[in-house]
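Biologist: Before we go through the fold together, could I ask you to bring up the chain, so that each point can be followed on the coordinates?

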Amino acid sequence: MLRRTGIALKKGWTHNPGRTRRGGKNLAWRPKLSEAKLSQFVPLALVHPRRHPNSWQERQFNALGYTKWPKDLGFYNAGDNFEVTPEAAWRLYLHARDEPYWSKLHCEKTIITMLPVVEKAPKENMERVLDVFRHYLKRYGADHYIYNAVMQAAAFAKNYEQAEHLFREMETLGLEPNAQSYVNMMLAAKLCGLTPEKSEAYFRRAVKEGAMQSVMRIDTEFRMWMDQLNRFGSFTASSGYLSVNEEGANPMPRDMWAIWGWHRSEGKFVCRHDLIMQQVRARVHGGKELTGTVYTKTRRQPWAKFNGMLRRDYKGPSYRAPTAFPDAPDYANEAGQKAF
């Protein structure tokens with residue numbers, strides 16, 4: 001009896017063969033997507049949330065109610081975070097510094113935002129920093145927030161004497177210097193071109209006072225700290241993390257479906273209503289959910305949420321007219337225009 005001979009088809013190797021001879025999970029047998037199709041999507045290797053066509057980005061931006069501000073007011077940086085320019089931060093401070101909602105952290109944020117222009121033009125911008133300093137002391141009193149912020153501004157202004165005066169003034173007022181205070185003095189000594197022994201003296205004192213911890217040998221730990229400060233660089237340096245000023249300045253984020261947590265329900269960009277409700281839940285405790293405790297971390301279970309495709313995942317976000325102001329200038333991204 002002759003047995004029927006079939007064509008020997010090679011089956012691709014796979015852990016899970018599935019129903020076919022080729023293997024249900026074998027990527028080698030799957031058809032390749034064309035470059036034209038791939039170019040329609042954000043070039044990010046993300047699994048959750050699913051990648052969306054680039055044409056949907058502005059639709060989602062408008063649907064959530066975001067605004068394209070002029071570049072001299074604010075922009076989205078390379079990390080897709082909205083950044084206010086130093087001049088806009090100063091004008092906001094002058095406009096709202098006496099309002100009841102203006103807090104200590106607003107003053108500190110104003111000084112931190114002005115650090116790039118403080119280093120580039122220290123004479124006129126340090127006067128603005130000292131104006132925020134005087135207003136803070138008059139309204140809130142002295143604390144670590146404002147002294148560390150002004151000390152850091154003095155470090156970037158390359159005024160070591162002023163930073164050292166603020167450090168001693170903290171001790172006179174009974175404010176024990178913390179780790180940020182000592183790092184500010186190390187940064188001031190480095191930016192002013194002083195010897196490394198000056199920075200090492202502050203580091204050894206911080207370890208002795210318990211403000212900072214040294215796990216390894218103290219000289220090795222100090223070299224690691226100085227290497228990190230060298231990586232940071234400065235706003236006027238040619239290299240370093242802080243030297244990136246204009247790169248990535250865009251009127252809108254690159255990926256509107258970016259997430260800050262584990263699941264697409266924890267999106268980075270939310271609508272205005274959800275943003276307001278987040279602030280309400282942070283300020284008003286309803287009683288059903290304890291805010292900022294271990295209990296909320298236990299209840300946070302994004303893996304239990306629906307993970308399939310919804311209707312908007314196929315059709316895209318709904319159309320909405322972009323939020324704009326008729327008297328605002330158009331966003332310009334010319335190479336010659338500087339935000340700060």
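Biologist: Over residues 143–177, what are the percentages of helix and strand, and how far apart do the end C-alpha atoms lie?

Modeller: I should say at once that this is a predicted model. The unreviewed UniProt entry annotates residues 143–177 as "repeat: PPR". In the model that span is 74% helix and 0% strand, and its end C-alpha atoms lie at a separation of 10 Å.

Biologist: Which residue is 16 positions from Met-151 in sequence but 7.5 Å from it in space, C-alpha to C-alpha?

Modeller: Met-151 belongs to helix 7, and with a relative accessible area of 0% it is buried. Leaving out residues up to four places away in sequence, Met-151 touches Ala-163, Leu-166, Phe-167, Met-170, Ser-181, Asn-184 and Met-185. The one whose C-alpha lies 7.5 Å from that of Met-151, across 16 residues of sequence, is Phe-167.

Biologist: Asn-184 is among those partners; with which side chain does the side chain of Asn-184 make a polar contact of 2.9 Å?

Modeller: Asn-184 sits in helix 9, and its relative accessibility of 1% counts as buried. Apart from residues up to four places away in sequence, Asn-184 touches Asn-148, Met-151, Gln-152 and Ala-155. The polar contact of 2.9 Å, side chain to side chain, is made with Gln-180.

Biologist: Which two side chains make polar contacts with the side chain of Glu-119?

Modeller: Glu-119 lies in helix 5, which spans residues 115–120, and at a relative accessible area of 7% this acidic residue is buried, since it falls under the 20% cut-off. Beyond its neighbours within four places in sequence, Glu-119 is in contact with Phe-156, Lys-158, Ser-234, Phe-235 and Thr-236. Within that set, one side-chain polar contact, at 3.3 Å, is to Lys-158, and another, at 3.1 Å, is to Ser-234.

Biologist: Is Lys-158 buried or partly exposed?

Modeller: Lys-158 is found in the loop that runs between helix 7 and helix 8 (160–172). Although Lys-158 is not a glycine, its phi is positive, near 60°. Its relative accessibility is 43%, which places Lys-158 in the class of residues that are partly exposed.

Biologist: Asp-80 also deserves a look; what is the sign and approximate value of its phi?

Modeller: Asp-80 is placed in the loop between strand 1 (74–76) and strand 2. With a relative accessible area of 8%, Asp-80 is buried. Asp-80 is not a glycine, yet its phi is positive, at about 60°.

Biologist: Why can the buried residues of helix 4 be said to lie on the same side of that helix, and what arc do they cover?

Modeller: The buried residues of helix 4 (residues 104–113) are Cys-107, Thr-110, Ile-111 and Thr-113. They are on the same side of helix 4 because they cover an arc of only 165° around its axis. Their cover includes strand 2 (82–84), helix 3 (86–96), helix 5, helix 6 (122–139) and helix 7 (144–156). The arc asked for is therefore 165°.

Biologist: How many disulfides does the structure hold?

Modeller: Cys-107 is buried, with a relative accessible area of 0%, whereas Cys-271, at 24% relative accessibility, counts as partly exposed. The number of disulfides in the structure is 0.

Biologist: Which helices are included in what covers the buried residues of helix 11?

Modeller: Helix 11 (residues 218–232) has 15 residues and reaches 21 Å from its first C-alpha to its last, close to the 21 Å expected at 1.5 Å a residue. Its buried residues are Glu-221, Phe-222, Met-226 and Leu-229, and, seen down the axis of helix 11, they fall within an arc of 135°, so they line one face of the helix. The cover over these buried residues includes helix 9 (179–191) and helix 10 (196–209).

Biologist: Which residue just after helix 11 takes a positive phi?

Modeller: The value of this phi is about 70°, and the residue that takes it, just after helix 11, is Gly-233.

Biologist: For the chain as a whole, what percentage of the residues is buried?

Modeller: The chain has 14 helices and 2 strands. Of its contacts with a separation of 6 or more, 62% are between residues 24 or more positions apart. Among the 340 residues in the chain, the buried share is 35%.

Methods:
Residues numbered from 1 in each chain as written. Predicted model: local features only at pLDDT ≥ 70, side-chain atom pairs only at ≥ 80, totals over all residues. Heavy atoms only, no water. Helix = DSSP H or I, 4+ residues; strand = E, 2+ residues; numbered from the N terminus. Expected span 1.5 Å × (residues − 1). Buried < 20%, exposed > 50% of the residue type's maximum accessible area, 1.4 Å probe, protein only. Arc of directions from axis to C-beta. Contact = heavy atoms within 4.5 Å. Disulfide = S-S within 2.5 Å. UniProt positions renumbered as here; feature names shortened; annotations may be inferred. Polar contact = N/O pair within 3.5 Å; in protein donor to acceptor, adjacent residues only side chain to side chain.
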